[in-house]
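User: I have a structure open and would like to go through it with you. Could we take it one question at a time?

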Amino acid sequence: MGLCQFPQMTAAQQKPIPPYAKWGTLAMKKTQERYPQAKIIDYLHVGRVTGPKSTTEKFKLWLKDDKREFGVFVNIEFNPATNQVINIDFRETSRQ
């Protein structure tokens, strides 16, 4: 028996792209625009809140500039039917 009998194993090990990935990319892009002197050093998808007319993806990004390290909560509210962004909210947090 050779290893050729399991050709699907490599493909099966690839992780699917999570549904929040495009919103995470947008969160990082908009955070970088808002804080151009800071470097994003960590990223966390906090969760999704689904409302009657909109959905909000919540992220926490950790940033570092030459003076400090700080967190930024980014909430992206969008219309789930059209994926049109309704609002992007930023809230800084101290080191936690």
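User: Leaving aside its neighbours within four places in sequence, which residues is Ile 88 in contact with?

Analyst: Before I answer, please note that this is a predicted model, in which local features need pLDDT of at least 70, side-chain atom pairs count only at pLDDT 80 or more, and totals for chains, interfaces and linings use all residues. Residues are numbered from 1 along each chain as its sequence is written, and side-chain values use heavy atoms, with hydrogens and water left out. With those neighbours set aside, Ile 88 is in contact with Leu 26, Lys 30, Val 74, Asn 75 and Ile 76, where contact means heavy atoms within 4.5 Å.

User: And where is Ile 88 found?

Analyst: Ile 88 belongs to strand 4; helices (H or I, at least four residues) and strands (E, at least two) are DSSP runs, numbered from the N terminus. At 22% relative accessibility, Ile 88 counts as partly exposed, because buried means under 20% relative accessible area, exposed over 50%, and partly exposed in between, with a 1.4 Å probe and protein chains only.

User: Lys 30 was among those contacts, so what does its side chain meet in a salt bridge?

Analyst: The partner of Lys 30 is Glu 33, at 3.6 Å from N to O, and a salt bridge is a side-chain nitrogen of Lys or Arg within 4 Å of a carboxyl oxygen of Asp or Glu. Both residues lie in helix 2 (residues 21-34), three residues apart, which is about one turn of the helix. Lys 30 is partly exposed at 28%, and Glu 33 is partly exposed at 48%.

User: How many salt bridges are there by that rule?

Analyst: The count comes to four. One of them joins Arg 68 and Glu 92, at 3.1 Å from N to O. This pair links distant parts of the chain, with Arg 68 in the loop between strand 2 (55-64) and strand 3 (69-78) and Glu 92 in strand 4 (residues 85-93), 24 residues apart.

User: What about Arg 48, which residue does that one form a salt bridge with?

Analyst: Arg 48 forms one with Glu 57, the closest N and O atoms being 2.6 Å apart. Arg 48 is partly exposed at 44% relative accessibility, whereas Glu 57 is buried at 1%.

User: Changing topic, how do strand 1 and strand 2 pair?

Analyst: Strand 1 (residues 39-50) pairs with strand 2 in the antiparallel sense over ten bridges; two strands pair if DSSP finds at least two bridges between them. A hairpin of four residues joins strand 1 to strand 2, and Tyr 43 has Leu 61 in strand 2 as its bridge partner.
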